[in-house]
Amino acid sequence: MPQATYNDAELILKLYDMRREEKLRAARGWFLGNFSATTLAEALEKYPLGSDNNAYFRMVGTYWDMAASFVLRGILHDELFFENSGEMLIVWEKMKAFITDLRRVRNNPLLYKNLDAGAQRYIEWLNRNSPGAYEGILAMVNRR
């Protein structure tokens, strides 16, 4: 694996700055503390289209999908990203149960594909570098 560069560090800091933006910060806080749905029907019932919570869900999901796309395309050093972006995996674990149905309903098989693939790479990285950490994340997500 190539060494992380100054540009990688700059992009990590820019992503971090984006996370501090007031609306995204509120969305992330709500999502991590409140979002819970195991089916698309449940998600749409609890967080209907047009609601602030639906907007928060989409904002958090698309932010992490975008960030994952940088890693998947080789724009951002993956190990540096994984060391600094554990929240991405938590977001994916909270969403993954109904994403297949969401893709089907929206007729968009690419929806959240970067987040999905990025989470899989992150899980592989965790399993290589910190065995048991992924299971700890799952336990934390499933307690909520």
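Begin by selecting Asn54, which counts as buried at 4% relative accessibility. The structure on display is a predicted model. Asn54 belongs to helix α4. Show the side chain of Asn54 and follow it to the backbone oxygen of Tyr47, which it reaches at 2.9 Å. Next, display Leu44, Tyr47, Pro48 and Leu49: Asn54 is in contact with these residues, leaving aside its neighbours within four places in sequence.

**Helices α2 and α4**

Keep α4 (residues 52-72) in view and add helix α2 (residues 22-34). At what angle do the axes of α2 and α4 cross? They cross at roughly 100°, and they come within 9 Å. An angle from 65 to 115 degrees counts as roughly perpendicular, and α2 and α4 are therefore roughly perpendicular to each other. To see the contact, select Lys23, Leu24, Ala26, Ala27, Arg28, Trp30 and Phe31 on the α2 side. On the α4 side, select Asn53, Tyr56, Phe57, Met59, Val60 and Tyr63. Coloured by type, the residues of this contact between α2 and α4 divide into 10 nonpolar, 1 polar and 2 charged.

**The nonpolar core**

Now turn to the largest nonpolar core, which has 45 residues. Select Phe31, Trp64 and Phe81, the residues with the most contacts inside this core. Which helices each supply at least two residues of the core? They are α1 (6-19), α2, α3, α4, α5 (78-84), α6 (87-105), α7 (113-129) and α8 (133-143). The largest share, 9 residues, comes from α6.

Centre the view on Trp64. Not counting residues up to four places away in sequence, Trp64 touches Arg19, Phe81, Ser85, Glu87, Met88, Val91 and Leu115.

**From Trp64 to Glu87**

From Trp64, move to Glu87, which lies in helix α6. Is Glu87 buried or exposed? Its relative accessible area is 9%; since buried means under 20%, Glu87 is buried. Display both side chains, because a polar contact of 3.2 Å joins the side chain of Glu87 to the side chain of Trp64. With residues up to four places away in sequence set aside, Glu87 touches Arg19, Arg28, Leu32 and Trp64. Arg19 appears in the list of residues touched by Trp64 and in the list for Glu87.

**Thr39 and Glu42**

Select Thr39, found in the loop between α2 and α3 (40-46). Thr39 is partly exposed, with a relative accessible area of 36%. Add Ile99 and draw a line between the two C-alpha atoms: Thr39 and Ile99 are 60 residues apart in sequence and 8.6 Å apart in space.

Continue to Glu42 in helix α3. With 25% relative accessibility, Glu42 counts as partly exposed. The side chain of Glu42 reaches the backbone nitrogen of Thr38 at 2.7 Å. Show Ser36 and Ala37 as well, for Glu42 touches both, not counting residues up to four places away in sequence. A second line can be drawn here, from Glu42 to Phe98: these residues are 56 places apart in sequence and 9.3 Å apart, C-alpha to C-alpha.

**The loop between α6 and α7**

Most residues other than glycine have a negative phi. With that in mind, select Asn107, whose phi is near 55°, a positive value in a residue other than glycine. Asn107 is placed in the loop between α6 and α7. Asn107 is exposed, with a relative accessible area of 68%.

Then select Tyr112, which also has its place in the loop between α6 and α7. The phi of Tyr112 is near 60°, again a positive value in a residue other than glycine. Is Tyr112 buried or exposed? Tyr112 is buried, with a relative accessible area of 4%.

**Helices α7 and α8**

For the last stop, display α7 and α8, which pack at an angle of about 125° with their axes 8 Å apart. That makes α7 oblique to α8. Select Ile123, Leu126 and Asn127 in α7, together with Ala133, Tyr134, Glu135 and Ile137, the residues they meet in α8. The residues of this contact of α7 with α8 divide into 5 nonpolar, 1 polar and 1 charged.

Notes:
Residues numbered from 1 in each chain as written. Predicted model: local features only at pLDDT ≥ 70, side-chain atom pairs only at ≥ 80, totals over all residues. Heavy atoms only, no water. Axes fitted to C-alpha atoms, helices over the stretch in contact; angles between N-to-C directions. Helix = DSSP H or I, 4+ residues; strand = E, 2+ residues; numbered from the N terminus. Parallel < 35°, antiparallel > 145°, perpendicular 65-115°, else oblique. Contact = heavy atoms within 4.5 Å. Nonpolar A, V, L, I, M, F, W, Y, C, P; charged D, E, K, R; others polar. Buried < 20%, exposed > 50% of the residue type's maximum accessible area, 1.4 Å probe, protein only. Core = buried A, V, L, I, M, F, W, Y, C linked by side-chain atoms within 4.5 Å. Polar contact = N/O pair within 3.5 Å; in protein donor to acceptor, adjacent residues only side chain to side chain.
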